[in-house]
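Trainee: Could you pick one part of this model and walk me through it closely, then follow on to whatever else is worth a look? I'd like to see how each residue sits among its neighbours.

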Amino acid sequence: MKNILVIYFTQTGQAKQCIDAVLKPFTQNPNYKIHYELIQPKKKFSYPWKYTEFMDVFPENVQGIPCELESLKTDLSINFDLIFIAYQPWFLSVCRPINSFLLSTEAKQLLNNKPVITIINCRNMWLTAQEKMKIHLKKLNANLVGNITFVDKSANLTSLVTVLAFELSGVKEKFMGFFPKYGVSDKDLAIAPEVGILIENALNKNDFSTLQSNIVSKKLVSVKSNLLLLEGRGKVLFPLYANYISKKGTAGSKDRKTRVRIFGIVLPTAILIFSPIITLVSRLAPLIVSRKIKKEIDYYSQNTLRN
Ligand SMILES: Cc1cc2nc3c(=O)[nH]c(=O)nc-3n(C[C@H](O)[C@H](O)[C@H](O)COP(=O)(O)O)c2cc1C
């Protein structure tokens, strides 16, 4: 019997929905024992979020500062055959609970020399967070053999509105009566068990070498050129603004509230302004620098880390 560990964090259950879809072939099979480990911060993040609270997690999340976690329930002495990590990007970085786990001594023990598959669920921007994940896994001597992404399929500005309605008011369906439902697509969830079968085959052959290209051909890795360019801006600017806020105080402190509020206005405004411009550039870019864009899309579709 093979032991599979699923490490995950979720606030609204979407991550668990994605896990269940990918692991469907495993759950119906007595040859596998699945161990679930829900990562729980000692101080819970509220859901739905208050806007200032939502923005206040930005600095420490981008800086990768760990928070305290509840103890794990998993038996650390089990030699797991495969480990899944299901997470969400927060502000283009690995969400704080999972980032904190990855910095723990337990992670060192559990992940050392193990094949790992990441399952990401998010609005649509996960590239920079996954680069940080790759760095963590490299330091932990884990072997990233697969990455599956579940994203919202609406246009970027539409999902900017619907994600905020979802995170701040808990509204998922038809915000204001006409916006589309927020969240991971039912179509992707329906395809996910097929990827589960591919994972099962790879695990049993102990050969994951073609897994990622198979996941890509099932279209369960979403890399779009406009979002790639938009993330490129955020990746450079976010650490600067995170430092600017944290200079004024630690998480939740009154002294930094003004800077947090300014960020809460600047960020959606910048996305509103830059998103259409960048979408236009991304439509033109392949005509001018097609090889470079294609190279970038290929890079983010696979699991190795750039030098
Ligand atoms: C603080 C915070 C920051 C977020 N930042 C991003 C982001 O950078 N990129 C993205 O695509 N989605 C982002 N999201 C959206 C979540 O990743 C998304 O809503 C996720 O699907 C929720 O997962 P859950 O239902 O498993 O809790 C953010 C959400 C929160 C709460």
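Mentor: Sure, let's start at I297. Setting aside neighbours within four places in sequence, I297 is in contact with V223, S225 and L228. Keep in mind that this is a predicted model. Take S225 from that list: I297 and S225 are 72 residues apart in sequence, yet their C-alpha atoms are 7.2 Å apart in space. I297 itself belongs to helix α12, which covers residues 257-300. Is I297 buried or partly exposed? Its relative accessibility is 23%, so I297 counts as partly exposed, given that buried means under 20%.

Stay with helix α12 (residues 257-300) and look at charges over rings. The charged end of R259 sits over the ring of Y244, 3.8 Å from the ring's centre. There is another case with K134, whose charged end lies over the ring of Y299 at 4.4 Å from the centre.

Y244 is a handy way into the aromatic residues. Y244 is part of one aromatic cluster, along with F9, F45, W49, F54, F58, W90, F91, F238, Y241 and F263. Across the whole structure, a search turns up 19 aromatic pairs. One of them is F58 with F91, an edge-to-face pair with 5.2 Å between centres and 85° between the planes. What does that pair link? It joins distant parts of the chain, 33 residues apart: F58 comes from helix α4 (residues 58-63), and F91 from the loop between β4 (89-90) and β5 (93-94). F58 has a relative accessible area of 0%, so it is buried. F91 is at 13% relative accessibility, so it counts as buried too.

You'd probably ask about cysteines next. How many disulfides are there? The count comes to 0. C67 is in no disulfide, and the nearest cysteine sulfur to it, that of C95, is 9.2 Å away. Turn it round and C95 is likewise in no disulfide, with the sulfur of C67 as its nearest at 9.2 Å. For a disulfide, the two sulfur atoms would have to lie within 2.5 Å. As for burial, C67 has a relative accessible area of 19%, so it is buried. C95 is buried as well, because its relative accessible area is 0%.

Now for the strands. Strand β7 (residues 143-151) is mostly covered, with 8 of its 9 residues buried. Its partner is strand β6 (residues 115-122): the strands run parallel and 8 bridges join them. If you want a spot to zoom in on, I119 stands opposite I148 in β7.

The end of β7 (residues 143-151) brings us to S185. Leaving out neighbours within four places in sequence, S185 is in contact with V151 and K153. Where does S185 sit? You'll find it in the loop between α8 (156-169) and α9 (186-205). With 13% relative accessibility, S185 counts as buried, because that is under the 20% cut-off. Its side chain reaches the backbone nitrogen of D188 at 3.0 Å.

Key: Residues numbered from 1 in each chain as written. Predicted model: local features only at pLDDT ≥ 70, side-chain atom pairs only at ≥ 80, totals over all residues. Heavy atoms only, no water. Helix = DSSP H or I, 4+ residues; strand = E, 2+ residues; numbered from the N terminus. Buried < 20%, exposed > 50% of the residue type's maximum accessible area, 1.4 Å probe, protein only. Polar contact = N/O pair within 3.5 Å; in protein donor to acceptor, adjacent residues only side chain to side chain. Contact = heavy atoms within 4.5 Å. Phe/Tyr/Trp six-rings, centres within 6.5 Å; stacked < 30°, edge-to-face > 60°. Lys NZ or Arg CZ within 6 Å of the ring centre and 35° of its normal. Pairing = 2+ DSSP bridges.
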